[in-house]
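Let's take a friendly walk through this structure, with an eye on how its helices and charged side chains fit together. Have the model open beside you as you read.

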Amino acid sequence: MSHPPSLSLAGEPSEPVAEVNSPADTPVGPASRDIVGRSPGQLAWLRLRRDRTALLSAVTLVVAMIVALAAPLLKWLTGIDPTDKFVDRLNDFGMPLGYAGGISADHLLGLEPGSGRDILMQLLYGLRTSLFIAFVSALLASLIGVAVGIVAGYARGWLDSLINWFIDVTLAFPFLIFALAVIPIVEDRFFTEREAPPPSFRIALIVATFGLFSWTYTARLVRGQVISLREREFVDAARAAGAGTGHLLVRQFLPNIWAPILVTLSLNVPQFIAIEAALAFVNIGVTEPTPDLGRMIYNSIGYVASDPWYTLFPGLTIFILVLAFNLFGDALRDALDPRSTR
């Protein structure tokens with residue numbers, strides 16, 4: 001409503017006074033009143049984004065995976081195969097000619113002493129081998145551990161006691177020592193001393209050994225989570241609605257325990273990278289001619305004094321990989337469980 005102009009002290013009309021609305025009359029937009037709800041996954045993602053250590057570790061791992069996947073492209077661009085031997089660039093003692101182990105424009109990280117293979121191509125393809133074995137072994141161990149843990153946690157009576165006893169017995173075996181004993185025994189069962197096993201068989205044997213004998217920690221963790229969930233109200237409601245055992249295990253329990261499973265998976269990968277390198281270091285890992293980081297360190301033992309670069313590059317790669325995975329796993333655990341202490 002308009003107001004008539006008021007008179008000033010001099011008798012002249014003054015400017016109209018603007019009407020001031022009360023706070024109650026001010027319209028409030030829906031964006032200022034709505035409260036945005038976030039799922040646990042969204043909250044964990046926000047915590048991860050705010051964690052600089054997690055971001056740096058994630059970037060390091062993504063770069064390592066991209067580089068490993070792009071190894072065939074680099075081979076095509078350079079024309080250098082990881083098995084090519086440049087013996088013409090070695091001296092009479094088998095040492096690379098030139099500076100720092102033969103580093104040059106054609107060989108950015110130098111050459112392997114004795115064989116003359118390009119270290120960069122060996123490193124990239126060895127990275128592919130280590131990541132493949134670690135990821136497949138971690139997935140296999142997680143699948144077995146989740147299946148056994150859910151059944152053990154949901155079951156009661158003799159079945160739970162039997163599975164728990166089997167888990168305890170399996171945990172009593174030192175995993176690394178067991179792997180050192182199992183791999184040669186199984187290999188001798190299929191191949192004779194004169195018959196060298198193919199590299200694919202050794203890789204499959206390592207993956208099977210890692211997966212079949214390292215699922216116990218995941219199973220123990222999942223069992224404890226399921227025991228705490230099986231008496232909850234939503235499980236009783238699902239039973240009252242006629243849900244069967246399969247529905248309870250897959251649709252009720254599994255979505256509520258994915259966080260610890262994911263953390264366990266992320267922490268198993270660096271463990272398998274280190275163990276695979278240890279097996280190669282004692283010469284029962286991946287066989288020639290498949291490139292492998294652990295075998296590169298094993299082959300470089302005799303050249304540490306004369307060519308330390310040969311040992312440095314694969315050793316530093318394993319160190320960075322294991323450290324990045326461990327830091328990211330710790331950050332992921334903190335993001336998924338904000339009650340945990342850093």
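Which residues are buried in H6? They are Asp160, Ile163, Ile167 and Thr170. Please keep in mind that this is a predicted model.

**Helix H6 and its two faces**

H6 covers residues 158-171, which makes 14 residues. From its first C-alpha to its last, the helix reaches 20 Å, close to the 20 Å expected at 1.5 Å a residue. Seen down the axis of H6, the buried residues fall within an arc of 95 degrees, so they line one face of the helix. The general background is simple: an α-helix has 3.6 residues a turn, so residues three or four places apart point the same way.

What lies over that buried side? The cover of the buried residues of H6 includes helix H5 (119-154) and helix H9 (216-229). On the face turned away from the buried side, you will find the exposed residues Trp158 and Trp165.

**Salt bridges, including two between H6 and H9**

Side chains of opposite charge can pair when their charged atoms come close. In this model, the count comes to nine salt bridges. Three of them are set out here.

| Pair | Closest N and O atoms |
|---|---|
| Asp160 and Arg223 | 3.0 Å |
| Arg220 and Asp168 | 2.2 Å |
| Glu288 and Arg117 | 3.1 Å |

Start with Asp160, which we met on the buried side of H6. Its salt bridge partner is Arg223. Asp160 lies in helix H6 and Arg223 in helix H9, so the pair ties together parts that are 63 residues apart in sequence. Are these two residues buried or exposed? Asp160 counts as buried because its relative accessibility is 12%, under the 20% cut-off. Arg223 is buried as well, with a relative accessible area of 15%.

Next comes the salt bridge between Arg220 and Asp168. This pair also links distant parts of the chain, with Arg220 in helix H9 and Asp168 in helix H6, 52 residues apart. Here Arg220 is partly exposed, at a relative accessible area of 31%, and Asp168 counts as partly exposed at 37% relative accessibility.

**Around Glu288**

The side chains of Glu288 and Arg117 meet in a salt bridge. Where do these two residues sit in the chain? Glu288 is in the loop between H12 and H13, while Arg117 is in the loop between helix H4 (71-78) and H5, and the two are 171 residues apart. Glu288 counts as partly exposed, at 38% relative accessibility, whereas Arg117 counts as buried, at 7%. Both residues belong to a network of salt bridges that links Glu112, Arg117, Glu288 and Arg295.

Glu288 has another feature to look for: a cis peptide bond joins this residue to Pro289, with omega at about 5 degrees. Pro289 lies in the loop between helix H12 (258-281) and helix H13 (293-299).

**A nonpolar patch on the surface**

Finally, turn to helix H14 (residues 308-336), where Leu312 lies. Leu312 is one of the residues that make a nonpolar surface patch of about 600 Å². The others in this patch are Trp309, Leu316, Phe319, Ile320, Leu323 and Leu327. Leu312 itself is partly exposed, with a relative accessible area of 40%.

Technical notes:
Residues are numbered from 1 along each chain as its sequence is written. This is a predicted model: local features need pLDDT of at least 70, side-chain atom pairs count only at pLDDT 80 or more; totals for chains, interfaces and linings use all residues. Side-chain values use heavy atoms; hydrogens and water are left out. Patches are made of residues with over 30% relative accessible area and no salt bridge: like charges are joined within 9 Å, nonpolar side chains (Val, Leu, Ile, Met, Phe, Trp, Tyr) within 5 Å. Accessible areas come from the Shrake-Rupley method with a 1.4 Å probe; for residues, only the protein chains shown count as cover. A salt bridge is a side-chain nitrogen of Lys or Arg within 4 Å of a carboxyl oxygen of Asp or Glu. Helices (H or I, at least four residues) and strands (E, at least two) are DSSP runs, numbered from the N terminus. Buried means under 20% relative accessible area, exposed over 50%, partly exposed in between (1.4 Å probe, protein chains only). The expected span of a helix is 1.5 Å times one less than its number of residues. The arc is that of the directions from the helix axis to the C-beta atoms. Contact means heavy atoms within 4.5 Å.
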